[in-house]
Amino acid sequence: MTENYLKRELYDLVKNDAAIFEFIQSGSLDGIWYWDLEQPENEWMSSKFWETLGYNPEEKKHLSSEWQDIIHQEDLKLATENFYKHCHDPNHPYDQIVRYQHKDGSTVWIRCRGLAIRDESGKAKRMLGAHTDITDLKKVESNLSRLTREYEKVFNGTQDAMFLMKVLSPNRFRFVRNNLAHQNKTGLQLEDIRDKTPEDLLGEEVGRIVSENYQTCVDKKTSVTYEEELVLPAGKRIWQTTLTPIFEGKTVINIVGSATDITEQKLLARELEKQANYDKLTDLPNRKLFFERLERMIVENERDQKQFALLFVDLDGFKNINDQYGHRAGDDVLITIGKRLTESVRKSDTVARMGGDEFTIILRDTHDRDSLEKVVQKIHQRVKEDMHMDDCVCHVDSSIGIAVYPEDGLDSETLLKNADEMMYKIKHSGKGSYRFFSDVKS
C-alpha cells in the first residue's frame, strides 16, 4: 500500500516543528515519558502526567523513583513483568492499566503503554511511553458493575418468575434469559430458553398465542397483564403474567416478563364456583345456575326472535326406591338419571337438578312442536329404562311439564310456574307422561 502523503507530511512537521509535538502530547495524551534503560534512574516525564496526579511538575525530578513511589505496588509488579517480557520479545506488548495515588489520596487509573527503542543488535536502550487517564471510565465501569450486581440480586432474588425477551420484528421474539425463580417454577433452565422463540419453546400453536400477547405489549407501548395456562417441564400451571416494554428512543427493543403462579388460587376459585353453581351429587347445574341460564336465554331469544322450551321433570316411583333399597341406592338413581337426561339433549342445552327428584331442562332453538316432542319422548323413554344397582334392579318413570317461550311466558317465573303446573297435572292424573302448557290453553 502506498504511504499516504498526509502521514509523511505529519511526520516531517513533528521532526521539524516542536510545537506540533507539544500539541500532540498535550492534546491527545495525559503525559508521555522517555526512559534511559542504560541509566534506569533517569526518566523524563512530561508535565501533564504530574498535573494529572495533582502535583506541581516543577517540584518533581526526572527520576523513575518519583513515579515508582506512588504507583500501586501490585501494579508496579505487573508493569515490571511486562517490561522485561517486552524487552526480551518485541511482540509482547507493554500495555497495562495501573493505579497511582493522587496527591489528595484518591486513586487515579492510568493506561500505560510503551515501546522499546533498540540498538542494531536488538538490545533495548530507551523506552518511549504514553499515559492515558481512564479514571472516569473506571468509575463508569464500577457503577455499571455495581448496577449489574444489584440487578442480578433483584432479578434472581425475587420470588416472581422473570424473563427477558428480545423484540426481533413484528410478532417475532426471542428469549434472552430467565431468573432462578422462573427456572425453578417452570423447569426451564437458562440453556433451555436462551435464543429460543416462543414457537421453538412451546410449539407453533401455543407459541403463536404467546407471541400475540408480546406483540400487544409492543403495540400499546405500556405494561399489559393477562392470565395464561401453559404446559411446561414442571407441569401444567396457570400464570398471571405482566409484560413491561423496554425502549430505545421510541422503539420497544426488549420486553421484561414477570409471571406469578396462580394455579392454586385459580383451582380454588373454580372449585368454589363449582360448589356455588353445581349440584354436589349429580354434578349438574343447580337452581342458582339454572335461573342464570334461563334469564340469559330469555334475553337472547327476545333479541333474536327465537323460541326455546322449558321442561320440568319429576321422577315417579323414586320414593319407593329410597324406602326399599336405602338412600345410597336413591343417590345412584339420581346420578344415573342426571347422566341419561344429559345424554338425551345437545351440549348447548341445560339439564339442572332443582332438588330432590326434580330436574329442569332448557332446550334451545325449538323450531316446531313435532321436533320438540320427539326430544321429550326420547327423554321420557330413557328415564324409564331399568337401572341395575348392585343386587337390585331399579325402575322409575317421569312426569314432564313443558312450557315454550314466548307463547307460554315471557319471564322465567311464568315459564317455570307453567311447566311446573303441567307436571303436577300429570302427577294427579296417573303419572308417567308429558304435557305441553299450550294444550291446556287450547
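Serine 412 is found in helix H16, which covers residues 412-427, where helices (H or I, at least four residues) and strands (E, at least two) are DSSP runs, numbered from the N terminus. Before I go on, this is a predicted model, in which local features need pLDDT of at least 70 and side-chain atom pairs count only at pLDDT 80 or more, while totals for chains, interfaces and linings use all residues. Residues are numbered from 1 along each chain as its sequence is written, and side-chain values use heavy atoms, with hydrogens and water left out.

Is serine 412 buried or exposed? Serine 412 counts as buried because its relative accessible area is 8%, and the terms here are buried for under 20% relative accessible area, exposed for over 50%, and partly exposed in between, with a 1.4 Å probe and protein chains only. If we leave aside its neighbours within four places in sequence, serine 412 is in contact with Leu294, Glu295 and Ile298, contact meaning heavy atoms within 4.5 Å.

One of those partners, glutamate 295, is found in helix H12, and with a relative accessible area of 41% it is partly exposed. The C-alpha atoms of glutamate 295 and aspartate 411 are separated by 7.7 Å, although the two are 116 residues apart along the chain.

Further along H16 we come to asparagine 418, which is buried, since its relative accessible area is 4%. Again leaving aside neighbours within four places in sequence, asparagine 418 is in contact with Ala403, Asp408 and Phe437. Asparagine 418 and arginine 270, by contrast, are 148 residues apart in sequence and 34 Å apart in space, C-alpha to C-alpha.

Let me turn to the backbone. Proline 406 lies in the loop between strand S16 (397-405) and H16, and the peptide bond that leads to it from tyrosine 405 is cis, with omega near 5°. On the other side of H16, in the loop between H16 and strand S17 (433-436), is lysine 431, whose phi is near 65°, a positive value in a residue other than glycine; lysine 431 counts as partly exposed because its relative accessibility is 44%. Glutamine 305 also has a positive phi, near 55°, in a residue other than glycine, and it lies in the loop between helix H12 (287-304) and strand S11 (308-316). Glutamine 305 counts as exposed, because its relative accessibility is 69%.

Now to a pair of helices. Two packed helices are described by the angle between their axes and the distance between the axes. Helix H13 (residues 318-325) and H14 pack at an angle of about 145°, with their axes 7 Å apart; axes are lines fitted to C-alpha atoms, for helices over the stretch in contact, and angles run from 0 to 180 degrees between N-to-C directions. Phe318, Ile321, Asn322 and Tyr325 of H13 make the contact with His327, Ala329, Gly330, Val333 and Leu334 of H14. Helix H14 itself (residues 327-343) has 17 residues and spans 24 Å from its first C-alpha to its last, close to the 24 Å expected at 1.5 Å a residue, the expected span being 1.5 Å times one less than the number of residues. The buried residues of H14 include Ala329, Gly330, Val333 and Leu334.

Finally, the empty space. On a 1 Å grid over the protein atoms alone, a cavity is a set of points where a 1.4 Å probe fits but cannot get out, and a pocket is an open set with protein on both sides within 12 Å along at least five of seven lines, while lining residues have an atom within 4 Å of a point. Grid points are joined across faces, edges and corners, and a volume is the space filled by probe spheres set on the points.

How many cavities of 30 Å³ or more does this rule give? The count is one, and the largest cavity holds about 170 Å³ of space. Its lining has 16 residues, of which Phe163, His182, Tyr214, Glu228 and Leu230 lie nearest the centre, and strand S8 supplies the largest share, three residues.

The second largest pocket has a volume of about 180 Å³. It is lined by 15 residues, and the closest to its centre are Trp35, Trp67, Gln68, Leu76 and Tyr94. H5 gives the most to this lining, with five residues.
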